[in-house]
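User: I'd like to learn how to read the features of this model. Where should we start?

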Amino acid sequence: MAETMIKPENSDLTTKERIRSVEKTLSIIKPDGVSRGLVGEVIKQLEAAKFQIAAMKLIHMTKAQAEGFYAVHKERPFFDSVTTFMSSGPAVVMVLKGENVIAEYREIMGATDHKKAAEGTIRKNYATDIEKNVVHGSDSPETAALEISYFFNRFELVD
Ligand code: GDP
């Protein structure tokens with residue numbers, strides 16, 4: 001009986017709106033997170049948050065690759081230091097997928113400076129300074145698209 005059927009959540013949205021609300025973001029477990037054995041812990045939190053892992057690999061960036069990734073910060077005083085850090089060892093790069101995942105993942109990461117990060121966040125719990133803050137997450141849909149394409153081609157992403 002049609003009138004007693006339970007409507008799926010957001011059923012008043014058009015298909016197009018539902019598709020648009022699903023985002024992708026780039027996540028990195030930085031070299032400090034990998035060398036300190038925090039890969040499992042971070043991924044556990046991503047799974048608990050119900051983010052879909054759409055791509056994942058271990059990489060070791062060269063200094064030039066790290067400079068390209070953080071090109072937006074090239075005038076900042078910490079540019080040389082952060083790109084040396086990012087190229088200092090293996091890192092795990094992932095594409096996360098989900099509704100509102102860009103903002104939700106940044107919330108789980110916590111503020112850049114771990115001293116200012118909220119209780120329970122990854123950076124509050126595990127970062128050791130403002131630079132060695134364990135994780136990266138894109139900050140907007142535009143940045144996410146650029147950052148994902150920096151590390152992954154479309155055949156490496158699962159749906
Ligand atoms: P995020 O989006 O929270 O990662 O922060 P930003 O985009 O502002 O900075 C990129 C990365 O550069 C941060 O995650 C840190 O690893 C590093 N970083 C940011 N601010 C500083 C700083 O003041 N000093 C140093 N040494 N590194 C910083």
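Analyst: Let's start with polar contacts: a polar contact is a pair of N or O atoms within 3.5 Å; inside protein, one must be able to donate a hydrogen and the other to accept it, and residues adjacent in sequence count only if both atoms are side-chain atoms. Keep in mind that this is a predicted model, where local features need pLDDT of at least 70 and side-chain atom pairs count only at pLDDT 80 or more, while totals for chains, interfaces and linings use all residues. Residues are numbered from 1 along each chain as its sequence is written, and side-chain values use heavy atoms, leaving out hydrogens and water.

User: Okay, so which side chain has an N or O atom 2.8 Å from an oxygen atom of the ligand?

Analyst: That's Lys-30. Two arginines also reach ligand oxygens: Arg-123 with an N or O side-chain atom at 3.0 Å, and Arg-106 with a polar side-chain atom at 3.2 Å.

User: And what else surrounds the ligand?

Analyst: Here a residue is near the ligand if one of its heavy atoms lies within 4 Å of it. Besides those three, the surroundings include Tyr-70, His-73, Phe-78, Val-82, Glu-131 and Asn-133.

User: How do I get my bearings in the fold? How many helices and strands are there?

Analyst: Both are DSSP runs numbered from the N terminus: helices are H or I with at least four residues, strands are E with at least two. The protein has eight helices and four strands, and from the N terminus they run α-β-α-α-β-α-α-β-α-α-β-α.

User: Now the rings. How many aromatic pairs are there?

Analyst: Rings of Phe, Tyr and Trp (its six-membered ring) pair if their centres lie within 6.5 Å; planes under 30 degrees apart are stacked, over 60 edge-to-face, and the rest tilted. The whole structure has five such pairs. One of them, Phe-51 with Tyr-105, is edge-to-face, at 6.4 Å centre to centre and 85° between the planes. This pair spans 54 residues, from the loop between H3 (39–48) and S2 (52–59) to H6 (residues 101–109).

Phe-69 and Tyr-150 make a tilted pair, with 6.1 Å between centres and 45° between planes. Phe-69 belongs to H4 (residues 63–69) and Tyr-150 to H8 (residues 141–151), 81 residues apart. Along with Tyr-70 and Phe-151, these two form one aromatic cluster.

User: Are Phe-69 and Tyr-150 buried or exposed?

Analyst: Buried means under 20% relative accessible area, exposed over 50%, and partly exposed in between (1.4 Å probe, protein chains only). Phe-69 is buried at 8%, whereas Tyr-150 counts as partly exposed at 36%. Overall, buried residues make up 40% of the 159 in the protein.

User: What about the nonpolar core?

Analyst: A nonpolar core is a set of buried Ala, Val, Leu, Ile, Met, Phe, Trp, Tyr and Cys residues joined through side-chain atoms within 4.5 Å. The largest one has 19 residues, and Leu-26, Ile-28, Met-86, Phe-151 and Phe-152 have the most contacts inside it. Elements giving two or more residues include S1 (22–29), H5 (79–86) and S3 (91–99); H5 gives the largest share, four residues. Apart from it lies another core of 18 residues, Ile-43 and Val-134 among them.

User: And which lysine lies over the face of Phe-152?

Analyst: A charge sits over a ring if NZ of Lys or CZ of Arg is within 6 Å of the ring centre and within 35 degrees of the ring normal. Over Phe-152 it's Lys-57, at 4.6 Å from the ring centre. Likewise, Lys-132 lies over the face of Phe-85, at 5.2 Å.
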